[in-house]
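Trainee: Could you take me through the aromatic rings of this model in some detail? I would like to know which rings pair up and where charges sit over them.

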Amino acid sequence: MGEVVPAPWGAFLLTTYDVCDHVLRSKSWVALDSEWRARQGEGNRWAAPASRELGRALQGLNPPQHTRFRRSVGHIFDRATLARLHDPVTRAVDALLDRLALRMRDGEANFAELVAEELPVTSMGLWLDLPPADYPLLRELTHHQVYAQELLPSASQIALSNAATLGLRDYFGELVRERRRKPGTDVVSRWLRTWDELEEGDRDAADEAVYLLTMFLVIAAQETTSTLLSSMIWTLDQHPDQLNWLRGNPQEIPGALEEILRYDAPVHLTTRAAAEDTVLAGVPIAKDQLVHTLIASANHDPARTTDPETFDIRRQGRHLSHLAFGGGIHYCIGAGLARLQAHILLDAVLRRFPTLRVSAPPVWEPRVAFRRMTTLQVVDH
Ligand code: HEM
């Protein structure tokens, strides 16, 4: 249908790797910030409180605000941080797999629910020092909030997202107040000190910045990593030869994960607006009009990857390149943590459960942008 395909709702779908990559890296295409959302007027999805809040969080910011926020946290998952998280995440994986093993003694168990949706929130909890008792609440709030980031959310999804936005504001607002009362060496306390300096002592502004950071990070981590953790089990199960090869060659897990991210991207699209009237791959696009970078389509672009519909964990180089973590200034800040969790979990599953198999096709929630697998039944015999 072409590289830039008009969609019935007035936006454009970008289908190839090069066009998506260009848009993600170009200054001519901007994130949907508060000003853009305000210009869309009232009485539509962009005016919903959930949407307005997203216009103030990292992914909705443009330079210079975006640069300020990214710089304030630096390389949050640098080597040292990932090394520190390695053992706690491994212990969390072991505990979740113990629970899975127990369930599988009685027959089928839902891997998506028992493991894939638990590990991301647990990892974020370990990193941000959150109480495990809060994980179920956080999971529910992020599942609902993310509807405002969907391609075409319904009115009832927006209502759920609005309520979840309030819930997340309460939760992370209270977290910030608690770390103010008892500052420590944890990540949130450190960010508060950074933002107190940046805001030159304006505590309310610093608190708001740290709330926006923590709130958005937890949503972005949960609603993506869970899908990767489930889809890696499902995709490998569909390719038993490659699964067996990987079991004998666990040092190849990192490459296999990149192929899983390419083949079955957890986030299928992201959206940008034209900064000015422009032309993209020969198609005129007016200022403020939207383009959706179809990540999943770009990852299957035959101009980039030979035989893109074939799943092949031994791909190398440019044929393995993908946009699963985006590109340009909004490139995923949590990619390192997602890869760490997926690596530790897949390694442990391969070693502990040589006869694990998927017993029924997965059930997906009907979401397009942030996909979500709700059920992945597995058995071990
Ligand atoms: C497999 C797991 C993940 C996938 C597929 C994924 C995907 C993405 C994508 C596609 C973007 C770019 C969005 C855009 O350009 O509009 C992004 C940005 C982002 N991701 Fe991830 N992500 C994952 C895990 C995580 C984790 C674990 C965290 C947090 C710990 C995280 C935090 C973020 C944040 C904060 C942004 C916005 C960055 C910015 O705007 O500067 N993500 N992610």
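Mentor: Happy to; here is a walk through the ring pairs, followed by the charges over rings. This is a predicted model, in which local features need pLDDT of at least 70 and side-chain atom pairs count only at pLDDT 80 or more, while totals for chains, interfaces and linings use all residues. Residues are numbered from 1 along each chain as its sequence is written, and side-chain values use heavy atoms, with hydrogens and water left out.

Searching the whole structure gives seven aromatic pairs. Rings of Phe, Tyr and Trp (its six-membered ring) pair if their centres lie within 6.5 Å; planes under 30 degrees apart count as stacked, over 60 as edge-to-face and the rest as tilted. One of the pairs is Phe77 with Trp127, tilted at 45 degrees between the planes and 4.7 Å centre to centre. Phe77 is buried (under 20% relative accessible area, with exposed over 50% and partly exposed in between, using a 1.4 Å probe and protein chains only), at 11%. Trp127 is buried too, at 9%. Ring pairs also bring in Trp191, linking Phe77, Trp127 and Trp191 into a cluster.

As for charges, one sits over a ring if NZ of Lys or CZ of Arg is within 6 Å of the ring centre and within 35 degrees of the ring normal. Arg45 lies over the face of Trp46, 4.1 Å from the ring centre. Arg314 has its charged end over the ring of Trp245, at 4.2 Å from the centre.
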